Amino acid sequence: MSSDASSDSPSAAAKLHAIPLQTLYELLAPVTLRADSPRATFTNWGLTYTCTPLSVFEPETEQQCALILELARREGKTVRVAGIGHSPSDLACTTGFMLRTEKLNRVLEVNAEKRYVVAQAGIILSSLHEVLASHGLAMRNLGSISDQTLGGVVTTATHGSGMHFPVLSMDVQSLVLLLADGSRVRCSRQENADLFLASICGLGSTGLILEITLAVEPAFRLKEVQETHTFDDVVGNLDAVAHAAEHVRLWWFPQAGVIRVSSSNRTSEPKNPVGTWLWHSLLGYHVLQFFLFIGRYVPSFNLWIGRFMAWLVRDRTVTIDDSHRVFNIDCKYPQYTTEWAVSYERAQACLREIRTWLDREFADPAGLRPHSSIEIRFSSADDIWLSPSNGQRTCWIGLVQFKPYGLTVPYRKLFAHFEAIMAKHGGKPHWAKTHPLGPDALRALYGARFDDFVRVLERADPRGTFRNAYVQRHIFGRQEPEYAPRVFKQIR
């Protein structure tokens with residue numbers, strides 16, 4: 001690996017090693033959270049996992065990041081990098097040191113002519129949108145939310161939807177990483193390519209991402225048309241539906257037998273933001289949450305809730321707005337979620353098998369009762385080692401169970417049945433979300449690229465500084481109690 005000479009000289013490393021331990025503590029005191037701080041305990045957005053790290057740091061400079069890694073090296077601790085905490089799994093959880101990136105949030109360069117932006121990994125997408133818009137630029141695609149950090153998007157191969165649009169990590173041109181040994185390394189497809197291809201879906205385990213150079217495009221509006229059709233009409237003509245617009249995503253309400261089709265294209269038409277009044281209103285938010293609360297105690301009510309949701313959005317709507325406002329949706333409430341990617345060619349068969357299973361559950365008085373829609377999205381093939389879209393056009397299928405008022409709801413049996421069907425069709429789980437697969441199953445799905453990824457981790461971080469329970473469990477197959485799937489589970 002070649003290093004960025006501006007920061008990675010032997011003298012720089014020697015200077016870090018020469019700092020007395022007490023001086024390290026003093027230098028890091030301003031960015032170390034007190035044990036009684038509310039932020040000293042980390043809980044993800046979905047309220048599904050929580051942890052109390054040994055120490056939580058909120059650095060503002062690269063030098064402070066280097067000091068944190070030096071302290072971890074001296075004390076034999078791990079470091080987990082965490083952003084805003086939107087991953088629904090325990091991907092960010094740790095019992096070691098936690099490095100929060102929200103103050104590493106600056107835009108370092110915007111080049112409108114060459115259409116790229118250089119930003120620190122801790123910038124939240126909503127803030128990045130504002131800066132890009134001021135320069136007449138925008139990200140070319142987005143997932144469902146912008147309340148997440150750019151670094152989190154990159155390390156999990158977050159996706160939007162569109163048959164000709166790959167996962168968002170494919171827009172990354174280069175990275176600057178701070179490795180576990182304190183070296184500052186630049187990587188791209190041309191320089192340190194293995195480290196780059198491992199890091200742009202690296203689960204935060206290759207190193208601390210300091211800078212991201214991201215390809216962007218001129219700012220644009222989207223015209224979104226939403227319509228509701230029957231399951232058979234949509235799935236029976238899936239190829240035509242998926243290719244009918246630049247960005248197509250679907251919400252399937254199996255309780256009602258219908259699919260809401262969202263089709264979006266770039267447009268120069270003037271803005272005309274439109275929302276379904278009850279669905280997007282404060283009143284609708286509270287009414288629906290109360291219904292979900294009832295369904296927690298009366299499972300049969302959940303079928304009615306699903307039909308009610310489908311009814312709320314039944315009308316045809318046309319929206320024209322800035323791209324990120326159309327790409328993003330209101331995720332409503334904290335939630336459990338599972339999402340898997342299957343080869344596009346197997347999508348129809350997979351969806352039909354899910355319907356057969358759910359119809360059987362609905363016909364059984366004691367059957368499972370999901371209350372929400374199933375989201376279906378698409379992406380083009382890519383070459384990122386651990387991307388679920390590696391080498392294949394992909395259909396992403398996601399299932400959620402909302403947590404009304406933050407309370408638990410039954411989901412484990414539902415998800416287990418769903419995941420079994422996805423696995424049967426060669427599905428790969430979304431890395432940011434909870435899944436049961438260990439290294440043997442993942443190696444079968446990703447082939448030699450999984451072993452390539454492990455080799456890069458062992459070379460870039462031989463003592464496992466950046467490995468938390470999630471990485472140890474899924475990538476290295478560790479089965480000790482401290483790495484168990486539910487060790488950080490938040491139960492309320």
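In this predicted model, tryptophan 251 stands opposite glutamate 375 in strand β18. That pairing offers a way into the sheet to which both strands belong. Three neighbouring topics follow from it: the strand that carries the tryptophan, its partners, and the order of the sheet as a whole.

Tryptophan 251 is one of the residues of β14, which covers residues 247-253; 7 of the 7 residues of this strand are buried, so β14 is largely enclosed by the rest of the structure. The side chains divide between two directions. His247, Arg249, Trp251 and Phe253 point one way, while Val248, Leu250 and Trp252 point the other way, and all of them are buried. Histidine and arginine thus appear in the one group together with tryptophan and phenylalanine.

β14 has two partners to consider. With β18, residues 374-379, it is joined by 3 bridges, and the two strands run antiparallel. With β15, residues 258-267, the pairing is also in the antiparallel sense and extends over 7 bridges. Among the residues of β14, phenylalanine 253 has valine 258 of β15 as its bridge partner. The hairpin formed by β14 and β15 has 4 residues between the strands, and in this hairpin glycine 257 takes a positive phi near 75 degrees.

These pairings can now be placed in the wider arrangement. An open sheet is formed by 8 strands in the order β16-β13-β15-β14-β18-β19-β17-β20, with antiparallel pairing. Its edge strands are β16 (317-322) and β20 (428-429), each of which pairs on one side only. In the order of the sheet, β14 stands between β15 and β18.

From the sheet the description turns to a helix. α16 comprises the 13 residues 448-460; at 1.5 Å a residue these should span 18 Å, and the end C-alpha atoms are 18 Å apart, which agrees. The buried residues of α16 are Phe450, Asp452, Phe453, Val454, Val456, Leu457 and Ala460. The elements that cover them include α6 (193-199), α15 (439-446) and α17.

Helix α17 also takes part in the second largest pocket. This pocket holds about 480 Å³ of space. Its lining consists of 26 residues, of which Thr434, His435, Pro436, Pro485 and Arg486 lie nearest the centre. The elements that give two or more residues to this lining are α14 (412-424) and α17 (469-474). Of these, α14 gives the most, with 4 residues. By class, the lining has 11 nonpolar, 7 polar and 8 charged residues.

Some individual positions complete the picture. Helix α6, already named among the elements covering α16, is followed by a loop that leads to β11 (208-215), and leucine 203 lies in this loop. Leucine 203 has a positive phi of about 60 degrees although it is not a glycine. With a relative accessible area of 1%, leucine 203 is buried. Arginine 115, in the loop between β6 (107-111) and β7 (116-120), likewise has a positive phi, near 60 degrees, in a residue other than glycine. Its accessibility is another matter: at 43% relative accessibility, arginine 115 counts as partly exposed.

Valine 185 belongs to strand β10, residues 184-188. At 1% relative accessibility this valine counts as buried. Between the C-alpha atoms of valine 185 and threonine 213, which are 28 residues apart along the chain, the separation is 14 Å.

Key:
Residues numbered from 1 in each chain as written. Predicted model: local features only at pLDDT ≥ 70, side-chain atom pairs only at ≥ 80, totals over all residues. Heavy atoms only, no water. 1 Å grid on protein atoms, 1.4 Å probe; cavity = no way out; pocket = protein on both sides within 12 Å on 5 of 7 lines; lining within 4 Å. Points joined across faces, edges and corners; volume = space filled by probe spheres on them. Nonpolar A, V, L, I, M, F, W, Y, C, P; charged D, E, K, R; others polar. Buried < 20%, exposed > 50% of the residue type's maximum accessible area, 1.4 Å probe, protein only. Pairing = 2+ DSSP bridges. Expected span 1.5 Å × (residues − 1). Contact = heavy atoms within 4.5 Å.
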